[in-house]
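Please look at the model shown below, and keep the sequence at hand while reading the report that follows it.

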Protein chains: 2
Amino acid sequence: MAISEMKPRFKVWIEKNDEVVFGDGRLKLLTEIEKQGSISAAAKELSMSYRAAWGKIKASEERLGKKLLIIQKGGSSGGGATLTPFAKKLIGNYQSFKDKIQETTKSTFQKTFKQS
Amino acid sequence: MAISEMKPRFKVWIEKNDEVVFGDGRLKLLTEIEKQGSISAAAKELSMSYRAAWGKIKASEERLGKKLLIIQKGGSSGGGATLTPFAKKLIGNYQSFKDKIQETTKSTFQKTFKQS
């Protein structure tokens, strides 16, 4: 098989009791909230409803037993959201976890299939 | 985060020009064809239509540029299918590729998240 044309693909995520705790979707959502400074602006940017975005965050918080967002209510700017230190660490850890799997996927694929 | 309750999950597959060449679905299908000795029996066992099963095999064969099945037509047993040596090697390679990613996913997860 001409492996030069072939690409290994992978997906990773974290579960607790068969339910998603964290994965690419939530990484994207948290990163966008950090960038936009609010859940509603992030949801809009990702073409999600506010309810869906908030539901995912809420579910992850419950499964992790940790807060991911610090919510500022009201004020002249209409409130906003920032990431907790835990959320920032989670993002960093998940990203290095993913990077390592990506690296291994690529190198293992080359090694395993080079003689096929 | 209490990582003892958390489980890293992963999925791998192989693509060529953004189309699936091989993955868990096709592994299952080929393994079942080998077991059953025919495409139609395997498709039935996996609750797929014959057309869907054959379509997947055909697409993989085209993208790989290699035959995966040896088809015996007709005869008193109504024909059958066996795996080519290439298909057997592909299955073995894909399985070791997957095993290695699984191992790395598990160990990297433990290492990365143990202090969270």
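Asp18(A) is placed in the loop between strand 1 and strand 2 (19-23) of chain A, where strands are DSSP runs of E of at least two residues, helices are runs of H or I of at least four residues, and both are numbered from the N terminus. The model is a predicted one, in which local features need pLDDT of at least 70, side-chain atom pairs count only at pLDDT 80 or more, and totals for chains, interfaces and linings use all residues. Residues are numbered from 1 along each chain as its sequence is written, while chains are lettered from A and ligands numbered from 1 in the order in which they are written.

Most residues other than glycine have a negative phi. Asp18(A), however, has a positive phi near 65°, and Asp18(B), which lies in the loop between strand 1 and strand 2 (19-23) of chain B, has a positive phi of about 65° although it is not a glycine. A residue is called exposed if 12 or fewer other C-beta atoms lie within 10 Å of its own, buried if there are 20 or more, and partly exposed in between, with the C-beta atoms placed from the backbone. The table gives the neighbour counts for this pair.

| Residue | C-beta neighbours inside 10 Å | Class |
|---|---|---|
| Asp18(A) | 7 neighbours | exposed |
| Asp18(B) | 7 neighbours | exposed |

How many residues does each chain bring to the contact? The contact takes 32 residues from chain A and 32 residues from chain B, two residues being in contact if their C-beta atoms, placed from the backbone, lie within 7 Å. On the side of chain B that touches chain A, strand 1 (6-16) and helix 4 (85-113) of chain B each supply at least two residues, and helix 4 of chain B gives the most, with 13 residues.

Strand 1 (residues 6-16) of chain A pairs with strand 1 of chain B in the antiparallel sense over 11 bridges, where pairing requires that DSSP finds at least two bridges between the strands. In this arrangement Met6(A) stands opposite Lys16(B) in strand 1 of chain B.

A rotation of 180° with 0.0 Å of shift along its axis superposes chain B on chain A with an RMSD of 0.0 Å, which is the relation of a two-fold axis; the superposition is by least squares on the C-alpha atoms of residues with pLDDT of at least 70 in both copies. In chain B, the C-alpha nearest the axis belongs to Lys11(B), 2.6 Å from it. Because 100% of the interface residues of chain B are also interface residues in chain A, the copies meet through the same surface.
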